[in-house]
Structure formats: structure tokens, C-alpha cells
Amino acid sequence: PARKPANLWVLASVTYGAVIAVAIISIVAYYYLAPKRTATQQLTDAERSMAVGSVWIPIYPGGTVEGTASTKQDSTTESSLNFGTKDQADRVLSFYQAALKKGVFRFDTVTKSDGGGTVRSMAHQGKTTVVVTIHATGEGSRGEIRTIDKETRN
């Protein structure tokens, strides 16, 4: 006796149903098994960065901005941002050393001293100098990010 071929619509329905079931199970599993993120972990890089002069500088994680300033004299604009953190100065200095090797920055020099140090870098083809200075304090460390922007006139 000849066997009857499988109904194409039944085969398509079962396959489509299996795909939907796997998708739903995957979404539910991800929701329950994925690590939960806190509000501070959900910040994007842009939200953890701040414009200091003409460049965006990352703010040290857990650091608090204490003040900003900007002055203009002739064709030079100098901007600064002061911050504090409970972390050790060496750790903060290492963070900025790594951060200023990325993006528009051209890494220049690192000077370490007892209780802190300085990271100096250039941006915008040498038109902007960025200096990050870290000092140890009794309860952690304090830092200053200073940018010097030179305007060029044609």
C-alpha cells in the first residue's frame, strides 16, 4: 500500500510553533538568569564623561565632581574640573593613564610621585593639552583635570 505524504501545512505549523516556543523560553531564561545591573552600572560612557574645554574626559568611577572653571586669555582657553574619590591615588592615576591612551588623545607622559602623579596628553593635533593631576588625601584622593585649548587663526 502507498503511504500518504505528510500534510505540508501541519509540518509548517509544528515548525513555526517550535520556533516561537524557543524564542519565548530564551527571553524568559535571559530575564531570570542575566545579572541584574544597578543604576550606576547602566550609565553609558557618554554619561560618565564630561566636557572639559574642547574634549570629553571620562569621570573616574565613583568620583564626585567638586567644581569646574574656565578662563580665556588672548587665544588660549584654560578649563579645569576638580573631583574627589575614596580610591587610592595610584589607582586613579592608572585609570587616567589608560583613558588618555584612547580616542582623540595622543599619549605623552606620566610622572609619578609619592602620593599621586600627573598624566599629560595631547588632542586635536596638538591644539589641546590635557593634564590630569592626582594627589593623595587622608580619605582617598583628589584630582584636577586641566585642558589648555589654543585657537589657531588662518
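1. In which helix is the place of I24? In this predicted model, I24 sits in helix α1, which covers residues 8–33. With a relative accessible area of 49%, I24 is classed as partly exposed, since that class ends at 50%, over which a residue would count as exposed.

2. I24 also belongs to a nonpolar patch on the surface, which Y16, I20, V28, Y31, Y32 and L33 form together with it and which amounts to about 850 Å². A colleague looking at helix α1 (residues 8–33) may wish to view I24 together with the other members of this patch, among them Y16 and L33.

3. Turning to charged pairs, the structure contains two salt bridges. In one of them, the side chains of R142 and E66 come together with an N to O distance of 2.6 Å. R142 is part of strand β8 (residues 140–150) while E66 is part of strand β3 (residues 64–73), and the pair therefore ties together parts of the chain that are 76 residues apart in sequence. Both partners are partly exposed: R142 has a relative accessibility of 42%, and E66 has a relative accessible area of 41%.

4. The other pair joins R146 to E78, whose closest N and O atoms are 3.5 Å apart. Here R146 lies in strand β8 and E78 in strand β4 (residues 76–85), so this salt bridge ties together parts that are 68 residues apart in sequence. R146, at 26% relative accessibility, counts as partly exposed, and E78, at 32%, is likewise partly exposed. Strand β8 thus supplies R142 to the pair with E66 in strand β3 and R146 to the pair with E78 in strand β4.

5. How much space lies in the largest pocket? The computed volume of the largest pocket is about 320 Å³. Its lining consists of 15 residues, and those that lie nearest the centre of the pocket are S49, P58, F95, A99 and K102.

6. As for where the lining of the largest pocket comes from, strand β2 (55–58) and helix α2 (89–99) each contribute at least two of its residues. By class, the lining of this pocket divides into ten nonpolar residues, two polar ones and three charged ones. The residues nearest the centre reflect this mixture, because P58, F95 and A99 are of types that count as nonpolar, whereas K102 is of a charged type and S49 of a polar one.

Conventions: Residues numbered from 1 in each chain as written. Predicted model: local features only at pLDDT ≥ 70, side-chain atom pairs only at ≥ 80, totals over all residues. Heavy atoms only, no water. 1 Å grid on protein atoms, 1.4 Å probe; cavity = no way out; pocket = protein on both sides within 12 Å on 5 of 7 lines; lining within 4 Å. Points joined across faces, edges and corners; volume = space filled by probe spheres on them. Helix = DSSP H or I, 4+ residues; strand = E, 2+ residues; numbered from the N terminus. Salt bridge = Lys/Arg side-chain N within 4 Å of Asp/Glu carboxyl O. Buried < 20%, exposed > 50% of the residue type's maximum accessible area, 1.4 Å probe, protein only. Patch = residues over 30% accessible without salt bridge, like charges linked within 9 Å, V, L, I, M, F, W, Y side chains within 5 Å. Areas by Shrake-Rupley, 256 points an atom, 1.4 Å probe, with all protein chains shown as cover.
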